[in-house]
Structure formats: structure tokens, C-alpha cells
Amino acid sequence: MLTVIFGLSGALVFGSGDFLGGLASKRMGAFLATGIAGLIGLFLLIGFTFIIPGEISDGAIVWGLLSGLCGAVAILLLYAALAIGPMSILSPLGALISAIFPVMWALLINGESLVWFGYVALVIGAIAIVLVAFTPEKEAVKPKARGIIFAVISGILIGLFLIVLDQAPSDAGIYPLVFNRFVNITIMFSVVFGMALIRWAHRKGYFGKDGSPRADLVVGDAGATDYRNGILLALGCGILDATGNALLLLGIQTGNLSVMSVLTAMYPAGTIILAALVLREKITKLQLVGMVLALTAAALLALS
């Protein structure tokens, strides 16, 4: 029961953070938004270490750093996909893939087993992917190919992120996520700084117009107001993302990887609800069926 509580609450908080991350990426670029969110998340996680007991060990450091590499690219692609939209389609698509990947790892590599309805749930999840992401109805919001690709790769990397975190010592507490965030912000701010230099050089005339790099895709090309709003959204995203990840890590430490990976995949619930309320994104009946099937698959796997 404790694993389910950690998993469901963490997924809801994590999904809400993704919604803010997608909005922030529209205003200031995915790299910068992810970097700011990671920085505020680092400070929050360091604070959590004074509340949640844990031991710093070689395993906590190594697996934390590796998870940071996977997580940085995964979240970057996820926020980029959500910025492209529609959030109500691309978020569930990435989530289901992120669930199936570690479940298969747990079953084939770790030797975990599921009861019969757990395997049925995997089939239901595959059907849900098709209904949610590739609905043929005319009134459906059509996702762009680039958004689908970003969501799929992000889902795979989120699954790998969970697999790597599962290798960390059970007594590590929150420390793997602290080292995770060090990698995250290092990657993001290094790229942002490099692209900012490219933009500066371009404006100074060091680059010609033909073939000039699109630095605005990384650091954004918005006005001062959009940047201020983007920073606020990124800060909120960092707080929610760090809190959600902490809950998910605690769930992994107390339960099975196969169960937690599917519970984690329920994070689109927060994203979809906020997208419908704030952005008024339309969800068709067929898409709604797909999302219900996705949640059903998650529930069945959690019970298996």
C-alpha cells in the first residue's frame, strides 16, 4: 500500500510539473527551462536530505549520476514535446512507453513475475497507446511527427531512468536524486551558455546569414514579459518535479520496479487535467477511451 501511495502521489505531482515545464519551454526554450527547473530542484532535494535519512555511498553516487544523464535528456525531450503539443496526447504516449520498457526489463532481466491479469494489462496498454496517440477522428487534435518522436524517445529514457534508479542502494535515501540534479543542471546550462555565445557571435556578425544556428530554439526568442513568466513557470516546475521524483524514488525503494514503473506512468493525469482546464485542449471520445484504458492497465499492473 505504501508503494501505491508513493507511486500515485508522485505521478500526479510529477505530471503537474511537466505541464508547467511545457509552458515554460514555449517561452524560454526547452534547455533553459529544464536547467532552471533542475537548479531549484537541486536545492529542494538537498533540503529533503535533512528530512529523509540516507547514506552516501559509491552506489548512490554512480547510479545517481547515470540516472541524471538519462533523466536530463528524457525531461528535455518531454518538455520539448509538450511545448509542441497537444499535451493531452503526447504526455500519455510517453508515459505508456516509459511503463512498458522497465516492466519488460523487470520480467525478462530481474526475473519478476506477474499474475495473469498483469500480462493482460500490458496488451491493454499497447491498445491504449494507439487510441490516445493515433486517433483517426476528424475532430481530434493531430500531433506533429516531431512531437511524437520526442515523446517516444522521452518515454524510453524515462523507463531507463527508473531502471537505473532501481540499481541504487535501498538505504541511499534521496541522495541519488541529488547527484542526478548535478548532472542535469550541468548539461543544460552548458548547452544554454554555448548557444548564447553562438547567438552573441551571430549578432556581432561573426556568422553569416546562410546556415546560421537557430539559438532561439534552445534559449528562446521571447520578450521580457514572456521570459519573466517562463522563469516563474520553470521555478514551479522544478519544485513539483523534484517533489514528484522524491516520492517516486521512495516508491522504488519500497516496492517492485514493475509496479512502480506503471504507477509512474500515470503522471499524464496531472498534465491532461491542467491542459484541459488552462489550455482548453479538446479530448475526443476515442482519446478518452484510450486514456481510461491506460489508467486501467496501470491499475491492473499495480495489483499484479
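Start by selecting α11: Pro268, Gly270, Thr271, Ile272 and Ala275 are buried there, buried meaning under 20% relative accessible area, exposed over 50%, and partly exposed in between, with a 1.4 Å probe and protein chains only. The model is predicted: local features need pLDDT of at least 70, side-chain atom pairs count only at pLDDT 80 or more, and totals for chains, interfaces and linings use all residues. Residues are numbered from 1 along each chain as its sequence is written, and side-chain values use heavy atoms, without hydrogens or water.

**Whole chain**

Zoom out. The protein chain has 12 helices and zero strands. Helices (H or I, at least four residues) and strands (E, at least two) are DSSP runs, numbered from the N terminus. Of its 304 residues, 54% count as buried.

**End of α11**

Go to arginine 280, just after α11. Its phi is positive, about 60°.

**Second largest pocket**

Select Pro268, Ile272, Met291, Ala294 and Leu295. The second largest pocket holds about 200 Å³ of space. Those five are the closest to its centre among 16 lining residues. On a 1 Å grid over the protein atoms alone, a pocket is an open set of points with protein on both sides within 12 Å along at least five of seven lines; a cavity is a set where a 1.4 Å probe fits but cannot get out; lining residues have an atom within 4 Å of a point. Points are joined across faces, edges and corners, and a volume is the space filled by probe spheres set on them.

Now colour α4 (87-108), α11 (268-278) and α12 (285-303): each supplies at least two lining residues. The largest share, six residues, comes from α12. The lining has 16 nonpolar, no polar and no charged residues. Nonpolar covers Ala, Val, Leu, Ile, Met, Phe, Trp, Tyr, Cys and Pro; charged covers Asp, Glu, Lys and Arg; the others, Gly among them, are polar.

**Largest cavity**

There are two cavities of 30 Å³ or more. The largest cavity has about 170 Å³ of space. Select Phe14, Ile75, Arg181, Asp241 and Asn245, the closest to its centre of 17 lining residues. Its lining divides into eight nonpolar, seven polar and two charged residues. Helices α2, α3 (58-84), α6 (145-166), α7 (175-203) and α9 (224-254) each give at least two of them.

**Ile46**

Finish on isoleucine 46, in helix α2 (residues 30-48). Is this residue buried or exposed? Isoleucine 46 is partly exposed, at 32% relative accessible area.
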